Amino acid sequence: MKEFSFGIPQSVIVGKGTIEKVKDLAFKIDKKHALIITGPNLAKMGIASKVEGFLKEASVEVDIFSEIEANPSVTTVDKATKAFLESGADFIVALGGGSPLDVAKAVAVVAKYGGKITDYEGAHKVPGKVIPMIAIPTTAGTGSEVTAFSVITDHERDYKLTVFSYELIPEYAILDSELIMTAPASVAAACGIDAFIHAEESYISRDASPFTEAMSEKAMELIGRSIRGYVACRENEQAAEDMLVGSLFAGIAFSWARLGNVHAMSHPVSAYFDVPHGVANGILLPTIVEYNALADKGKYLKIYNYISKIPEYEDTFEPGMLVEKIKELNAEIGIPNSLSAVGVKEQYIEAMAEDAMKSGNIFANPRSSKISDIIELYHKAM
Ligand SMILES: [Zn+2]
C-alpha cells in the first residue's frame, strides 16, 4: 500500500432545519461581526436574511454581500474583499452554491494577507490561517464546504485559476437539506452530476487511498441511488439528504485524492464559453471514461453498479457498458450530449487543451495524457 495521509480539519453538522445552529457556531468562533457572502437569488428568496436573523440572536452584527455571479471573477473577489474590510467584519458566513463558497474562501485569504487572489494561485501559496468561515451550501453539490480549493475566473486570461491550500477548508459547515429543496431541476442535475464526478474521478485517481476510496464509494452509492429522484422532485427529502451527504463525502475524497481529466478539461470550457461547471463535466464524462478504460483495475464494474438500477457481474461486464450507462444517466437528467450543443467552437480546442494541461488534475488521471490526447478528447466530445 502507498503511504497516505488525511484529515478532516473541521466540524460538520448535517440535518433538516440545522441552519439555525449557525448561532451556536458563531459562539464557538467567538467573533462579533459576520459578512454573509451569497448570491443574488438567495438574498431575494430571503434565505440570507434568515441566516442574518439567527446570527443577530447570538448578538452578532451582520453585513451581506450578494453580488456573486456564476463562474465568479477576480474582480468579484476584489469587490467582496473591499466589502469585508469596509464592514469591519471578523468572520465570513459563506451561503450558496460553489460560486459564493469559492469567493468566500478567496476573500478569507486576500482580506488577511493582502494583494490579489492571483498572487495565491497554485498549490500551497497561502501563508497561514485565513479569516474564520462557516460554510452553508445550498446546492448538492460542489462539496466546496469541505474542500481545500477555490476556483476563480480570470477574464484577462480567459482562465479558471485554482487556489489549493488546506488553510481554505472552512472551520465549520452546516448541511441543511431544506436549503437544497428549492433548487431548479437544471441546477439539481448539473450540481448532482458534478458531485458524482467528484466521487468517480477521486475513486479512480492515481492518488486514491483506502480512506478516499471509502469516501468516494459511499458518495457514489448515495448519489447513484438518488440523483434521478432528486432531479425529478427536489422536495423528495430522502433523495435531497442523500445528495447532500453524497456531495459532502465526494468533496472530502477529492480534497485528498484530487480529480482527473474531466475536471482538467471542463475548466477551460467554462472559462471560454461560460458553460456551468457541472454541465461541462457531465458532457465530458463519457468520453473520458472511455479513454480511461485502458487503466481500469476492476473499479468500473463497481461504479456501474452504483448508478445502475440492475446490477452487473464480473463475467458479463465490459467497460463500454459504463460509458453507455453514463450517457443514459445524462439523458435522463437532461445533461446535453456534446460540447457543440452548449456553444463550444472547434477553433478554441487547442487553446483549451493548453489550459487543461496546466491543471494538476491531469497528473491524477489514471491514464496519462499528452496535449495531443487532450485535443483528441475535446474533438470526440464535440
Ligand atoms: Zn466539480
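Begin this tour of the predicted model by selecting helix α9 together with the elements that cover its buried residues, which include β7 (149-154), β8 (159-164), α6, α10 (277-292), α13 (349-357) and α14 (371-381).

Next, display α9 alone, residues 261-273. Of its 13 residues, 12 are buried, and the helix is thus described as mostly covered. Colour the buried positions: N261, V262, H263, A264, M265, S266, H267, P268, V269, S270, A271 and F273. A distance drawn between the end C-alpha atoms of α9 gives 18 Å; at 1.5 Å a residue the expected span is also 18 Å, so the two values agree. Then step just past the helix to D274, where phi is positive, at about 55°.

Now select L339. Leaving aside residues up to four places away in sequence, L339 touches V269, I283, L284, V344, Y378, A381 and M382. Of these, V269 is one of the buried residues of α9.

Widen the selection to the largest nonpolar core, which has 71 residues. Which of its residues touch the most other members? They are F196, L322, L339 and Y378. Highlight helix α6, residues 185-204, as well: this helix gives the most to the core, with 10 residues. Colouring by domain shows where the core sits: domain 1 (11-180) and domain 2 (185-381) both give residues to it, so the core lies between them.

Finally, select L35, V103, A104 and A111. These residues are among the 32 that form another core, apart from the largest one. In soluble globular proteins, nonpolar side chains tend to be buried together.

Definitions and conventions. Residues are numbered from 1 along each chain as its sequence is written. This is a predicted model: local features need pLDDT of at least 70, side-chain atom pairs count only at pLDDT 80 or more; totals for chains, interfaces and linings use all residues. Side-chain values use heavy atoms; hydrogens and water are left out. A nonpolar core is a set of buried Ala, Val, Leu, Ile, Met, Phe, Trp, Tyr and Cys residues joined through side-chain atoms within 4.5 Å. Buried means under 20% relative accessible area, exposed over 50%, partly exposed in between (1.4 Å probe, protein chains only). Helices (H or I, at least four residues) and strands (E, at least two) are DSSP runs, numbered from the N terminus. Domain bounds come from an automatic or database domain assignment. Contact means heavy atoms within 4.5 Å. The expected span of a helix is 1.5 Å times one less than its number of residues.
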